Amino acid sequence: MTTNDATFMARALELAERGRGFTTPNPKVGAVLVKDGAIVAEGWHKVFGGPHAEVECLRDAEAKGIAVTGGTMYVTLEPCNHFGKTPPCSRTLLESGVVRVVIGCLDPNPEAGGGAELLRQGGVDVTIGVMERECCDAIADFVVWKTLGRPYVTVKLAMTLDGRIATRTGDAGWVSGSASRTRVHVMRACSQAILIGGGTLRADNPQLTHRLEADNPLANNPQPLAVVVTRKLPAPDAPLTLVQDRPKQLVFLTNAAGVASQTGKELTARGVRVWGLPERNGILDLLPGLARLRSEANVYTVLCEGGSGLAGTLLTQNLMDELVVFYAPKVLGDALSLSGFSGLVVQRMNSATGLRFSAVEPVGEDIMLVARPEKPPVAG
């Protein structure tokens, strides 16, 4: 890998990110065409069912009157090698006249992989693994829902610099600034479900909808399902926005007793989905509920917005795929204020759950930090 290889792949990654919220359940992919040491065309997978990044890049070159022959294509994910909603990109590249293809990471989908080998057999110089970790991070959501049978789970927290999400009285409005809150609505629009705990439902009475300005490209995305984890189901006539205004977009993940209760039956009669989960040591096992969201409700991406107990449960059950923290320039300094995660018992620092930082970005007056598990979750 050369310095230029990394520079060009970094641009392809930037382009891939433009597909967030539009390509699901396909992965986000970006591509650039380079000739004489400069980027001459760009493309990214713009919408599910539409042309892939490589084809968009070739079309960009054609629109600019640029000859592709002799060029190098940089693409964040191995070009697909099968006929799906579009023809295989590997064959398209082979016929285009590019002499080199640089790939960030191989395709984990066995139905689509093999594009790199086809290109090599056709005489194209192929390089694999440029910015591989970053390119794998870009498709981490795709890998989860493709291989694990559940949605990709992002835990979102707004914290003070000392790691607190609310005061000792539970006051959390607002920890972060307006720019961060707008960013969260973008995250909601990119998700098929928002996950909260029963405590958050009762304390905040949230809407759990995205509310973006009309000119935002994501503004017309469907509203996500509201998913609440709780043993204590609310009454069907409870003055809660989700129960009264969005019953058919509401899912309760509860225990078997909750499903069988009169309240559970009455909520179900209103169109609310009330699903029972098994319990382990008094804690709801969330994996079956997430798997059911994936299989029955076409939920590929879940955004968890609270509270700290639910975040702790996702962490300990190895179900947190990504952590996004908006750090506000504030300090509470109160040992009784609420931390971002709770319910864990750790005696020694070397037993703490390990994460790795994958991105950091200023958002208004705040800092957005993205972290991922050191070891991605595996099937079984």
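**The aromatic pairs**

Begin with the aromatic rings of this predicted model, in which three aromatic pairs are found. Select Phe-142 and Trp-145 first, which form an edge-to-face pair with 6.4 Å from centre to centre and 90° between the planes. Both residues belong to helix H6, which covers residues 140-147, and they are three residues apart there, about one turn of the helix. The general rule is that an α-helix has 3.6 residues a turn, so residues three or four places apart point the same way. Colour the two residues by accessibility and Phe-142 appears as buried, with a relative accessible area of 6%, while Trp-145 also counts as buried, at 4% relative accessibility.

Now add Tyr-300 to the selection: the ring centres of Trp-145 and Tyr-300 lie 5.4 Å apart and their planes stand at 70°, so this pair is edge-to-face. Because Trp-145 lies in helix H6 whereas Tyr-300 lies in the loop between H12 and E14, the pair ties together parts that are 155 residues apart in sequence. Tyr-300 is buried, as is Trp-145. With the three residues shown together, you can follow the ring pairs that link Phe-142, Trp-145 and Tyr-300 into a cluster.

**Helix H12 and the residue after it**

From Tyr-300, step back along the chain to helix H12, residues 287-297, and select its buried residues, which are Gly-289, Leu-290 and Leu-293. Turn the view until you look down the axis of H12: the buried residues fall within an arc of 100°, so they line one face of the helix. What do the buried residues of H12 pack against? Show strands E6 (152-159), E9 (225-229), E10 (250-254), E11 (273-276) and E14 (301-304), for these are the elements against which they pack.

Directly after H12 comes Asn-298, which is placed in the loop between H12 and E14. Asn-298 is not a glycine, and yet its phi is positive, at about 55°.

**Strand E8**

Select strand E8 next, residues 193-197, where five of the five residues are buried. The strand is covered on both faces, with Ala-193, Leu-195 and Gly-197 buried on one side and Ile-194 and Ile-196 buried on the other. With E9 also displayed, you will see that E8 and E9 run parallel and are joined by five bridges; to find the register, look for Gly-197, which stands opposite Val-229 in E9.

**The five-stranded sheet**

Move now to the open sheet of five strands, whose order is E2-E1-E3-E4-E5 and whose pairing is mixed. Its edges are strand E2 (38-44) and strand E5 (125-128), each of which pairs on one side only. From one strand to the next, the twist averages 20°.

Within this sheet, select strands E1 (residues 30-35) and E3 (residues 72-77), which pair in the antiparallel sense over four bridges; here Ala-31 stands opposite Val-75 in E3. Then bring in helix H1, residues 3-17, which packs on the sheet and touches E1, E2, E3 and strand E4 (100-105), its direction making about 140° with that of E1.

**Loops and unusual backbone**

As background for the next stops, most residues other than glycine have a negative phi, and most peptide bonds are trans. In the loop between E1 and E2, select Asp-36, a residue other than glycine whose phi has a positive value, near 55°. Is Asp-36 buried or exposed? Its relative accessible area is 84%, and Asp-36 is therefore exposed.

Go next to the loop between H1 and E1, where Pro-25 is found; the peptide bond that joins Thr-24 and Pro-25 is cis, with omega at about 10°. A cis peptide bond also runs from Gly-306 to Gly-307, with omega near -5°, and Gly-307 is found in the loop between E14 and helix H13 (308-316).

**Charges over rings**

End the tour with two tryptophans, displaying the side chains that lie over their faces. Lys-46 lies over the face of Trp-44, at 4.8 Å from the ring centre, and Arg-181 lies over the face of Trp-174, at 4.4 Å from the ring centre.

Notes. Residues are numbered from 1 along each chain as its sequence is written. This is a predicted model: local features need pLDDT of at least 70, side-chain atom pairs count only at pLDDT 80 or more; totals for chains, interfaces and linings use all residues. Side-chain values use heavy atoms; hydrogens and water are left out. Two strands pair if DSSP finds at least two bridges between them. Helices (H or I, at least four residues) and strands (E, at least two) are DSSP runs, numbered from the N terminus. Axes are lines fitted to C-alpha atoms, for helices over the stretch in contact, and angles run from 0 to 180 degrees between N-to-C directions. Contact means heavy atoms within 4.5 Å. Buried means under 20% relative accessible area, exposed over 50%, partly exposed in between (1.4 Å probe, protein chains only). The arc is that of the directions from the helix axis to the C-beta atoms. Rings of Phe, Tyr and Trp (its six-membered ring) pair if their centres lie within 6.5 Å; planes under 30 degrees apart count as stacked, over 60 as edge-to-face and the rest as tilted. A charge sits over a ring if NZ of Lys or CZ of Arg is within 6 Å of the ring centre and within 35 degrees of the ring normal.
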